[in-house]
Amino acid sequence: GNHTLLTDFVLSGLSSRPELQRLLFFTICLFYSMTLIGNLLICLVTVHPTLHVPMYFFLRVLSFLDISTASVVVPKMLVNLLSEDRSISYSGCVTQLYCVVSLAATEWYLLAAMAFDRYVAVCRPLRYAAIMSTRVCLALVLLSCCGGHVVSVVQTAWVFTLPFCGPRRVDYFFCDIPPLVVLSCADTSPYEKQIVSATVLVILTPFCLILLSYACIISSILKISSAEGRHKTFSTCSSHLTVVTLYCASGTLIYLQPKSSSSQDTKKILALIYTTVIPTLNPLIYSLRNKEVKEVLISVM
C-alpha cells in the first residue's frame, strides 16, 4: 500500500547540466511554436472548398492530434527546464500518461485509416466516393479515438496499480510507461511483457496493415502507363509513408529495445523526436510535398 502514499513524482528532465538548460529551453520552445503554427495552418487550409476530400479531413485530424501531443508534454518540460522544482503531482502524472498513450495510439490507428484511404483512391478509384463517404470517414476517426482510449485506460490502470515504494524520481521528461515501471519495487517482468504486447497492438499491427495497403498501391502504380501519372500518384502517397516511417522508427526504438542495448539518454532523445520534432515536421512534409496544399496556402496568404 506504499504507492497510495505518493503525492507526486519528480521528473529528471532532458539533462542535468545547468549550462544546457537555457539552450534546450529556447530550442524546444522554437519547435513547439513551429508545431502550433504549422499544424494550425494545416487545420485552417484543409477546410478550403477545394480540399474537401477524405485525405485532407484525415490530415486535419492528424494535425489536431499533433498539437495535442506536443501540448501535453512540452509546456511542462519547458517549465521544468527553468525551474528547480520539477515535481508533478500523482494525479498529474496519471493524466499525462493517459493523454500521451491515448493520443499516440489514436494517431497510429489514424495513420492506418489514411493508408486505407490512399489504397481506395489508387486501387478502387471508380468506387472511391462511395466507399470513402463522410459517414465512413467519421466512423474511422471515431474508431481510432475509441481504440486509443481503450489502450490508454488499460495501460494507465496497470501501471498505477504497481507498488511504488522506491525513489519518486522519474528519469524522463514526462510520465511514460517504461520509466514509471522501473520505479516499482515489485517484479516487473510481466509488465514489461505487456509493454511489448501493447507496442505490437498499437504500432506494429497498424504498421503491417499500412505496408499491406502500400504493397497494393505500388502494384497499381506500376500498372499506370503514363510516367507522369505514376509520379503524381506516388507523390501523393509518399508524404504519408514518410510520416509513418518516422513514427514507426522512433516508437519501436523506444518501447521494443532491450534495456541493455541503449542508454536512458538515447531513449530520451527518441522520445523528444517522437513528441516534439515529428509534430513539427508533419506540416512541412505534407505542405512542401503536396501541390494542392501549397496552392491553397499561397492563395490565402
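Rings of Phe, Tyr and Trp (its six-membered ring) form a pair if their centres lie within 6.5 Å; planes under 30 degrees apart count as stacked, over 60 as edge-to-face and the rest as tilted. Keep that rule at hand for the exercises below.

The model is predicted, so local features need pLDDT of at least 70 and side-chain atom pairs count only at pLDDT 80 or more, while totals for chains, interfaces and linings use all residues. Residues are numbered from 1 along each chain as its sequence is written, and side-chain values use heavy atoms, with hydrogens and water left out.

**Exercise 1. Aromatic rings**

Find out which residues are linked by ring pairs into a cluster, and classify the pair of phenylalanine 9 and phenylalanine 164.

*Solution.*

Step 1: Count the pairs. The rule gives 10 aromatic pairs.

Step 2: Apply the angle test. The ring centres of phenylalanine 9 and phenylalanine 164 are 5.6 Å apart and their planes stand at 90°, so this pair is edge-to-face.

Step 3: Place the two residues. Helices (H or I, at least four residues) and strands (E, at least two) are DSSP runs, numbered from the N terminus. Phenylalanine 9 sits in strand β1 (residues 8–11), and phenylalanine 164 in the loop between α5 (134–159) and β3 (169–170), 155 residues apart.

Step 4: Check the burial. Buried means under 20% relative accessible area, exposed over 50%, and partly exposed in between (1.4 Å probe, protein chains only). Phenylalanine 9 and phenylalanine 164 are both buried.

Step 5: Look for a cluster. Ring pairs link Phe9, Tyr90, Phe160 and Phe164.

Step 6: Try another angle. For phenylalanine 57 and phenylalanine 58 the centres are 5.7 Å apart and the planes at 50°, so that pair is tilted. Phenylalanine 58 counts as buried because its relative accessibility is 0%.

**Exercise 2. The sheet**

In what order do the 3 strands of the open sheet lie, and which are the edge strands?

*Solution.*

Step 1: Recall the rule. Two strands pair if DSSP finds at least two bridges between them. Strands of a sheet pair through backbone hydrogen bonds, either parallel or antiparallel.

Step 2: Take one neighbour of β1. Strand β2 (residues 87–89) pairs with β1 in the antiparallel sense over 3 bridges, and valine 10 stands opposite serine 87 in β2.

Step 3: Take β3. Its pairing with β1 is parallel, over 2 bridges. Here valine 10 stands opposite arginine 169, and leucine 11 opposite valine 170.

Step 4: Put the strands together. The order is β2-β1-β3, with mixed pairing. The edge strands are β2 and β3, as each pairs on one side only.

**Exercise 3. Cysteines**

Which cysteine is joined to cysteine 93 by a disulfide?

*Solution.*

Step 1: Use the cut-off. A disulfide is a pair of cysteine sulfur atoms within 2.5 Å, and the count comes to 1.

Step 2: Name the partner. Cysteine 93 is joined to cysteine 175, with 2.0 Å from S to S. The link is left-handed, with -120° about the S-S bond.

Step 3: See what the link connects. Cysteine 93 lies in helix α3 (residues 90–123) and cysteine 175 in the loop between β3 and α6 (177–182), so the disulfide ties together parts that are 82 residues apart in sequence. Both cysteines, 93 and 175, are buried.

Step 4: Test another pair. The sulfur of cysteine 145 is 6.9 Å from the closest cysteine sulfur, in cysteine 146, which is too far for a bond. With relative accessibility of 35%, cysteine 145 counts as partly exposed; cysteine 146, at 40%, also counts as partly exposed.

**Exercise 4. Salt bridges**

How many salt bridges does a search of the whole structure find, and what does the one of arginine 168 and aspartate 8 tie together?

*Solution.*

Step 1: State the rule. A salt bridge is a side-chain nitrogen of Lys or Arg within 4 Å of a carboxyl oxygen of Asp or Glu. The search finds 3.

Step 2: Study the named pair. Arginine 168 and aspartate 8 meet at 2.7 Å, N to O. Arginine 168 lies in the loop between α5 and β3 and aspartate 8 in strand β1, so this salt bridge ties together parts that are 160 residues apart in sequence.

Step 3: Compare the burial of the partners. Arginine 168 is partly exposed at 36% relative accessibility, whereas aspartate 8 is buried at 19%.

Step 4: Add another bridge. Lysine 268 and aspartate 171 have their closest N and O atoms 3.0 Å apart. Lysine 268 is buried, at 6% relative accessible area, and aspartate 171 is partly exposed, at 29%.
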